Amino acid sequence: MTPRRKVSFDPIARPYRWLEYLSLGPALMRCRCHFLPHLRHARRALVLGDGDGRFLSRLLRANPRLTATALDSSVSMLHLLQARCRFSTRLSLVHTDALGYQPSTDFDLVVTHFFLDCFPQPEVERLIAQVRPALQNGGLWLLSEFRIPNGPLRPLAQLGIRGLYLAFRLLTGLRTSHLPQYADALQRAGLRCIARHDSLAGLLTTQLWQSPGPVGVSKSVSD
């Protein structure tokens with residue numbers, strides 16, 4: 001078996017926030033936080049690859065009864081996340097590759113913002129299969145991702161996403177070059193999309209997926 005490539009986000013940890021703003025302004029953060037008001041009933045969250053912790057800090061402030069496990073393969077990103085959430089005693093940090101993580105507890109919320117697009121399709125399938133058993137009945141999976149919209153802006157979006165992948169390859173060693181079909185993998189895992197919001201003419205999407213079971217958090221989710 002070929003050993004898995006080495007990817008490191010440490011080199012871009014500190015400038016990541018500003019690189020994000022220089023590329024798309026506040027659009028990515030707005031995308032992450034769009035469904036934040038609908039997460040007030042969550043109690044245990046697993047947050048994968050939140051980077052410098054800007055979303056997680058807002059989530060913990062918005063939901064004072066939530067405890068969170070934050071996982072990242074970058075030590076530098078975890079340090080920034082911890083500093084941003086330093087006043088919270090409700091946070092556990094895990095330094096590991098997501099593909100090697102086996103949840104040891106149940107969660108009613110899983111969060112992957114601009115994370116699944118770092119993996120090729122087989123690894124997305126594997127990651128979702130590993131995390132899915134830890135998501136409680138009725139639990140939510142919140143994700144944000146890039147997408148290639150239909151219409152006249154499609155060629156421009158394709159070019160932009162290709163450029164982003166190239167930049168991340170040069171800066172981090174990331175070898176992925178295409179957006180994965182994460183929706184197919186989530187559906188095969190038994191989840192259904194209950195809410196979706198697209199922005200920037202469809203270039204960005206944020207979605208809420210739910211596992212079968214009693215409806216709690218998402219009782220009345222609307223865009």
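The exercises below, each with a worked solution, concern a predicted model.

**Exercise 1. A salt bridge and its surroundings**

Determine whether Asp-52 and Arg-54, which meet in a salt bridge, are buried or exposed.

Solution.
- Step 1. The side chains of Asp-52 and Arg-54 approach to 3.0 Å, N to O. A salt bridge requires such atoms to be within 4 Å, so the pair qualifies.
- Step 2. The relative accessible area of Asp-52 is 5%, and that of Arg-54 is 6%.
- Step 3. Buried means under 20%; therefore Asp-52 is buried, and Arg-54 is buried as well.

**Exercise 2. A link across the chain**

Establish which parts of the chain are linked by the salt bridge between Arg-84 and Asp-52.

Solution.
- Step 1. In the salt bridge between Arg-84 and Asp-52, the closest N and O atoms are 3.9 Å apart.
- Step 2. Arg-84 belongs to helix α4, residues 75–84, while Asp-52 is in the loop between β1 (44–48) and α3 (54–62). The two residues are 32 residues apart, and the pair links distant parts of the chain.
- Step 3. Arg-84 has a relative accessible area of 32% and is partly exposed, whereas Asp-52 is buried.

**Exercise 3. From single pairs to a network**

State how many salt bridges the whole structure holds, describe the one formed by Arg-196, and identify which residues are joined into one network.

Solution.
- Step 1. A search of the whole structure gives six salt bridges.
- Step 2. Arg-196 pairs with Asp-198, with 3.0 Å between the closest N and O atoms. Arg-196 is partly exposed at 37% relative accessibility, and Asp-198 is partly exposed at 30%.
- Step 3. Through salt bridges that share partners, Glu-20, Arg-32, Asp-52, Arg-54 and Arg-84 form one network.

**Exercise 4. The largest pocket**

Describe the volume of the largest pocket and the make-up of its lining.

Solution.
- Step 1. The volume of the largest pocket is about 1000 Å³.
- Step 2. Its lining comprises 46 residues, of which Phe-9, Ile-12, Phe-114, Cys-118 and Phe-168 are the closest to the centre.
- Step 3. Two or more lining residues come from each of α1 (16–24), α2 (27–33), α3, β2 (67–72) and α6 (154–172). The largest share, six residues, belongs to α6.
- Step 4. Sorted by class, the lining has 25 nonpolar, nine polar and 12 charged residues.

**Exercise 5. A buried charge without a salt bridge**

Find the nearest side chain of opposite charge to Asp-117 and list the residues that Asp-117 touches.

Solution.
- Step 1. Asp-117 is located in the loop between β4 (107–113) and α5 (121–131).
- Step 2. Asp-117 is buried, and the nearest side chain of opposite charge is that of Arg-32, 9.3 Å away. A salt bridge needs a distance within 4 Å, so Asp-117 has none.
- Step 3. Leaving aside residues up to four places away in sequence, the contacts of Asp-117 are Glu-145, Phe-146, Tyr-165, Thr-176, Leu-179 and Pro-180.

**Exercise 6. Two positive phi angles**

Compare the setting of Phe-114 with that of Leu-200.

Solution.
- Step 1. Most residues other than glycine have a negative phi.
- Step 2. Phe-114 has a positive phi of about 45°, and the phi of Leu-200 is also positive, near 50°.
- Step 3. Phe-114 lies in the loop between β4 and α5; Leu-200 lies in the loop between β6 (192–199) and β7 (204–210).
- Step 4. Phe-114 is buried at 10% relative accessibility, while Leu-200 is partly exposed at 41%.

Technical notes: Residues numbered from 1 in each chain as written. Predicted model: local features only at pLDDT ≥ 70, side-chain atom pairs only at ≥ 80, totals over all residues. Heavy atoms only, no water. Buried < 20%, exposed > 50% of the residue type's maximum accessible area, 1.4 Å probe, protein only. Helix = DSSP H or I, 4+ residues; strand = E, 2+ residues; numbered from the N terminus. 1 Å grid on protein atoms, 1.4 Å probe; cavity = no way out; pocket = protein on both sides within 12 Å on 5 of 7 lines; lining within 4 Å. Points joined across faces, edges and corners; volume = space filled by probe spheres on them. Nonpolar A, V, L, I, M, F, W, Y, C, P; charged D, E, K, R; others polar. Lys, Arg positive; Asp, Glu negative; His and termini not counted. Contact = heavy atoms within 4.5 Å.
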